[in-house]
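Colleague: I have a model open in front of me and I would like a close look at one part of it. Please pick the central packing and walk me through what surrounds it.

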Amino acid sequence: MPMMTWSRLTLALLGGDADACYNRPDAGRASRGLGAEHRFFLLSKQVREGAGRVVMHGHLEECFRQIAPPADFCSLRFVHERSEVLSVRQNVLQPVSASEDIGVMLTVFEKGGMGYAGTSDLTLTGLRRAAEQARTWALQSAGRSVVDFANILSGPPHGDYTSVEQIPWCSVPLAEKIDLLQTQCACLKIDDRIVDWEASLWHTEMDTLYLTMDGGRVRQRFHYIVPMLSATANAGAETHVRTFGGRGYCRQGGLEVLDHVGFRTAGPRLAAEALQLLTAPNCPSGTMDVLLAPDQMILQIHESIGHPLELDRILGDERNYAGTSFVTPDMFGSYRYGSELLNITFDPTRSEEFVSYGFDDEGLPARREYLIHNGTLQRALGGLTSQVRADIPGVANARACSWNRPPIDRMANLNLEPGTSSLEEMIAAVERGVYMHTNCSWSIDDSRNKFQFGCEWGQLIEDGKLTTVVKKPNYRGISATFWHNLKMVGNLDTFCVMGTPFCGKGEPNQVIRVGHASPACLFVDVEVFGGE
Ligand SMILES: [Zn+2]
């Protein structure tokens, strides 16, 4: 369906503007007494200058009451996202970049059909045009859709959610954040053989408002931070990279996250490990045990549990592009996905995790649910539409990457619950195996079944002890059997809350944030192989 396009505002900022706090107490005073049309232009300017959030919400609510068409259902979803990326590479500050994106999506159900239209024209006229366009599409799709949207209606949602943020990004001056990155970057350059090194921070603030014609109102505000470190070592033909969990230490919150994840101390260790890999032997090949650190477990969970359990994928919606799933609708409630130690939750309630929220983008209240309990498949990653369509229990996971994309079934926080084994106990249980850290490559088939994954760093486990560091550790398996070989699950001491900013799916494509938390886990009888 067509989108009304809008230009994404990207600015290069080198001054203090980037640190301007978002809201001002006097925001919107100038708009009193003006009509909605005129008020928008003042509001638009204030929002782009970093003010006026509350007034913008009021403007949208007032407009929505006026433009909601006579239909079975209509909703307005407003998204305002501001991001800033700071990076120091090879001890040189890179151009500071900031981006801002603001707009709404109107969704209409009418006569069993559904239509939507996105717009960044937030005037009364622009919103009315989008609502009319959405209604036209709803009428045109009525009777021609695989879903009868007359059955999808739920009660009006009400609520708020705000990220827990102890040290707000905007409370620390830009110069201070750059100094921090200069220091961390310098810590990575521990040897002449470190040929590239970088420290960066990516902060995003997102403000959303969801309104329904039957009086629903959900307001959510998020702060995301993605800390990144990398060190590249080279000697002759050997080049190895160690990173700070890829971008895996992404979380919700403020600058306090940096201390929670060890950002200020990780640099020298990562650089030393990159140097170690230059002279390390190849990972051996053969069938053996594999101990996976959390920064590889998140990829394993994401690809071979998360994507296969997306209900729209199971129903075939993604077959044309992202693929299908080896999981079929009849498996829910009885299928043995893995060993009894496998417990997977959809958990939007862990405040520090990357994708916690109170409501999904269709206004469904979010709560923690077991998708896999003691190894048995219980529930799908499907929002309300997919749940009704498939008659399978799901979760509140209809999510859109922005105002100009419709919500589809996505992972949010998808976690492997901790077990009882200490790291030492798991190592001691291995006669011959490899301890692998930090995903660096992944390949998995269309149905998310056969896979092979590679890690940055490996260490042999021989007769219950960690021994030789090895380079290019890889392993392959089949989702439908791999999880049955889960032999030990790490306890809370091995548990790490992580995620990824980049999960792609949908046509047109949507790249979205996903949270994953996992302990270290031990798998037996895995096919392991090294590099060439
Ligand atoms: Zn993904």
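What follows is a tour of the core, the elements around it, and some loops.

Modeller: Keep in mind that this is a predicted model. Let me start with the domains. The chain is divided into domain 1 (1-48), domain 2 (162-207 + 221-272) and domain 3 (286-529). The C-alpha centres of domain 2 and domain 3 lie 24 Å apart. Across that boundary, 16 residues of domain 2 are in contact with 18 residues of domain 3. On the domain 2 side, strand 8, strand 9 (238-243) and strand 10 (251-252) each supply at least two of the touching residues. Strand 9 gives the most to that side, with 4 residues.

Now the core. The largest nonpolar core has 140 residues. Leu106, Leu188, Leu291 and Val434 are the residues with the most contacts inside it. Strand 8 gives the most to this core, with 9 residues. Domain 2 and domain 3 both contribute residues, so the core lies between them.

Take Leu291 as a way in. Its number places it in strand 11, which covers residues 286-292. Strand 11 is mostly covered, with 5 of its 7 residues buried. Leaving aside neighbours within four places in sequence, leucine 291 is in contact with Met426, Ile427, Val430, Gly433, Tyr435, Ile461, Ala520 and Leu522. Two strands pair with strand 11, and they run in opposite senses relative to it. Strand 25 (residues 521-529) is antiparallel to strand 11, and 6 bridges join the two. In that pairing, threonine 287 stands opposite glutamate 527. Strand 18 (residues 432-444) is parallel to strand 11, over 4 bridges. There, valine 290 has valine 434 as its bridge partner. Val434 is also among the residues with the most contacts inside the core.

Next, Leu188, another of those residues. Look at helix 4, residues 174-188. The helix has 15 residues and reaches 22 Å from its first C-alpha to its last, close to the 21 Å expected at 1.5 Å a residue. Its buried residues are Lys177, Leu181, Gln184, Cys185, Cys187 and Leu188. Seen down the helix axis, the buried residues fall within an arc of 155°, so they line one face of helix 4. Ala175, Glu176 and Asp179 are exposed on the other side. What covers the buried residues? The cover includes strand 2 (73-89), strand 7 (194-212), strand 8 (217-235) and helix 6 (266-278). Strand 8 thus appears here too, as well as giving the most to the core.

Follow strand 18 onward and you reach a loop. Serine 447 sits in the loop between strand 18 and strand 19 (450-462). Serine 447 is partly exposed, because 17 other C-beta atoms lie within 10 Å, and the buried class starts at 20. Its contacts beyond four places in sequence are Gly323, Thr324, Ser325 and Phe326. Take threonine 324: it is 123 residues from serine 447 in sequence, yet 4.7 Å away in space, C-alpha to C-alpha.

A separate sheet also deserves a look. Here 4 strands form an open sheet in the order 14-13-12-17, with antiparallel pairing. Strand 14 (376-377) and strand 17 (414-416) are the edge strands, each pairing on one side only. Strand 12 (residues 344-346) and strand 17 are joined by 3 bridges. Isoleucine 344 has leucine 416 as its bridge partner in strand 17.

Finally, check the backbone in three other loops. The peptide bond from glutamate 507 to proline 508 is cis, with omega near -5°. Proline 508 lies in the loop between strand 23 (496-505) and strand 24 (510-518). Glutamine 90 has phi near 50°, a positive value in a residue other than glycine. Glutamine 90 lies in the loop between strand 2 and strand 3 (92-93). Lysine 111 has phi near 55°, again positive in a residue other than glycine. The loop of lysine 111 runs between strand 4 (97-110) and strand 5 (113-119). Glutamine 90 counts as partly exposed, with 14 C-beta neighbours inside 10 Å. Lysine 111 counts as partly exposed, with 14 C-beta neighbours inside 10 Å.

Terms used: Residues are numbered from 1 along each chain as its sequence is written. This is a predicted model: local features need pLDDT of at least 70, side-chain atom pairs count only at pLDDT 80 or more; totals for chains, interfaces and linings use all residues. A residue is buried if 20 or more other C-beta atoms lie within 10 Å of its own, exposed if 12 or fewer, and partly exposed in between; C-beta atoms are placed from the backbone. Two strands pair if DSSP finds at least two bridges between them. The expected span of a helix is 1.5 Å times one less than its number of residues. The arc is that of the directions from the helix axis to the C-beta atoms. Two residues are in contact if their C-beta atoms, placed from the backbone, lie within 7 Å. A nonpolar core is a set of buried Ala, Val, Leu, Ile, Met, Phe, Trp, Tyr and Cys residues joined through C-beta atoms within 7 Å. Domain bounds come from an automatic or database domain assignment.
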